[in-house]
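User: I am new to reading protein structures and would like to learn how strands and helices are described. Could we go through one example together?
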Amino acid sequence: MNRGVLELIDAVELAVSRSTGSAPRRVIAEAQRRIDGLRDRRGHFGEVLVVALAGGTGCGKSSVLNAIAGEDVAGVSVLRPHTQTPLAWIPRDHSEGIERLLDDLEISQRLLQDVLPSIAFLDLPDIDSIADWHRQMVEHLLPHVDAVLWVVDPEKYHDEVIHEEFLSPVASFGDQFLFALNKIDRLSAEETDTIREDLAASLSHDGFKRPLVFPVAADPEFGPIRGIDELVEFLADQVDVKRVAISKAINDMAAVLEELGSAAHVWDGGFVDYRSRWQRARDLSAEELVANQGAGTRHDVICRLEDLIAALAVEVGPTLGQSLREEYPSSRVEQAVDAALAGEAQEPAALAARLDATLGDPLQLLLWHRAHFAATLAGAVVATHQLKARHGAG
Ligand SMILES: Nc1nc2c(ncn2[C@@H]2O[C@H](COP(=O)(O)OP(=O)(O)O)[C@@H](O)[C@H]2O)c(=O)[nH]1
Ligand SMILES: [Mg+2]
C-alpha cells in the first residue's frame, strides 16, 4: 500500500482506539473490523503496480523483462546457473513505498524507467532452496507485491518438482499469480495451444482456481517477440483495478471516521469548554458556601453542580453521557459538597481546591479522553482529505 494509505489506516486505527468510552462498543468493533479487512489486503498499496518475476533458472525471466522494457536491462544468460543480482525496473516517479519495499527485499540494483509509468518489475534472484521458498514468498513477497509473473519454460512445464514444491504451496494466493508460457517460438501453434491447456490443467490441479496463462516469446531465436504486448495490456488494466481498490480503501476509512464521529457526537464539537465552565460553577459555589452555610445554600450549590454535569452529559453524546450520569450521581455531588464544607480552612480558595479534588479533576480526566479522541479523529479526517485529493477519490 502506498505510504499515505497505510498511514491513513494507522491514523484511523488510533482514532478508533481512542474512541473507547466516547463511542458505543458496537460502532468501535465494526470500525476495527473494517480496518482489519484493509490490513489483510495483500499487495503493494501504492500507485504503482508491483510485479515480481519468478520461475526456474533459464525459463526467461530476464528476457521477459527485457522484452517489456524494449531494451536489455537485465542480464540474460545461456549458461546455467546464472547467478544474477536481483534487479528492479521501476517508474521514475515512484513513491517512497517502493524504495522501502526494495530495501526490505534487498534489491539494490534499481533502474528508473519511463516506459511504463505505473508498473514496476522485480527480477528476483533464483530461489534455489525449496525449503526457503514458501516462507520467503508468503512472508516477504506476496504481502508486498501486487502480482507474481511466473515464467514457464515449455520443456519443463510439467516438471513435478516445480508444481509440487513451488507452485502448489502458494496456490491459495492464486489471485496474485499469472503465468507466462515462454519460448513459444520453439513450438508450433498447435503445440502452443496444447501445452497452454495442459499447463492450465496442471495449475488447476495444483490449486490455482483460474490460472491465467499468457503465451509469449520474449527472446526468440528467430522472428519477432510475441505475446508481450498482450501481457502488458493486461497489467495496465490491473493498474486501473488497483486504483479503484485504493480509492475504495480511502473512502472506507473516511466512512469509518464519519460513523465514529457521529456515534460519539464529536462533530458538534469535540471540546465542551469544560475548564472555564467548571471554574465558574466552582468559584461561585465556594463563595456562596463561605458566605452562607445554611441548608438552602448547600442545596443551591448541589443543584448548580448537578446541572453542569447534566448539561455536559447531553453535549458529549449518549455513550460518554451515560458514564457521566452513572459515575456522577447526585449522591457523589452531595458528598463532594459536604466534604468541601467539612474541611478545616473555610475560605473560598480552600473550598474551591477541595471541590477540584473530589469533582473537578476526575471530571476533567473523563472529558479529556474525549477531547483527545476528537483531536485524533480530526487529524485522521484531514489525512483522508489530503489522500482523496491525491488519488482523485470521490
Ligand atoms: N528460443 C527462445 N529462447 C529464449 C526465450 N526467452 C529466453 N530465451 C533464452 O533462454 C535463456 C535464459 O533466459 P534468461 O532470460 O536469462 O532466463 P532467467 O534465468 O529466467 O532470467 C537465454 O539463453 C535466453 O536467450 C524465447 O522466447 N525463445
Ligand atoms: Mg535472469
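User: Which strands does helix 8 lie across?

Analyst: Please keep in mind that this is a predicted model. Helix 8, which covers residues 228–263, lies across strand 1 (49–54), strand 4 (119–123), strand 5, strand 6 and strand 7, and its direction is at about 140° to strand 1.

User: In what order do the strands of the open sheet stand?

Analyst: A sheet is read from one edge to the other, and here the seven strands of the open sheet follow the order 3-2-4-1-5-6-7, with mixed pairing. Strand 3 (109–113) and strand 7 (213–215) are at the edges, and because each has a single partner strand, one side of each is left without a neighbour in the sheet. On average, and with direction ignored, neighbouring strands of this sheet are turned by 20° against each other.

User: How many bridges join strand 5 to strand 6?

Analyst: Strand 5 (residues 147–152) and strand 6 (residues 177–181) run parallel and are joined by five bridges. To follow one of them by residue, start at tryptophan 150, whose bridge partner in strand 6 is phenylalanine 179.

User: At what angle do the axes of helix 10 and helix 11 cross?

Analyst: The axes of helix 10 (residues 295–315) and helix 11 (residues 318–327) cross at roughly 155° and come within 7 Å; the two helices are therefore roughly antiparallel to each other. In this contact, Ile309, Leu312, Ala313 and Val314 of helix 10 meet Gly321, Leu324 and Arg325 of helix 11. Sorted by kind, the residues of this contact comprise five nonpolar, one polar and one charged.

Definitions and conventions:
Residues numbered from 1 in each chain as written. Chains lettered and ligands numbered in written order. Predicted model: local features only at pLDDT ≥ 70, side-chain atom pairs only at ≥ 80, totals over all residues. Pairing = 2+ DSSP bridges. Helix = DSSP H or I, 4+ residues; strand = E, 2+ residues; numbered from the N terminus. Axes fitted to C-alpha atoms, helices over the stretch in contact; angles between N-to-C directions. Contact = placed C-beta atoms within 7 Å. Parallel < 35°, antiparallel > 145°, perpendicular 65-115°, else oblique. Nonpolar A, V, L, I, M, F, W, Y, C, P; charged D, E, K, R; others polar.
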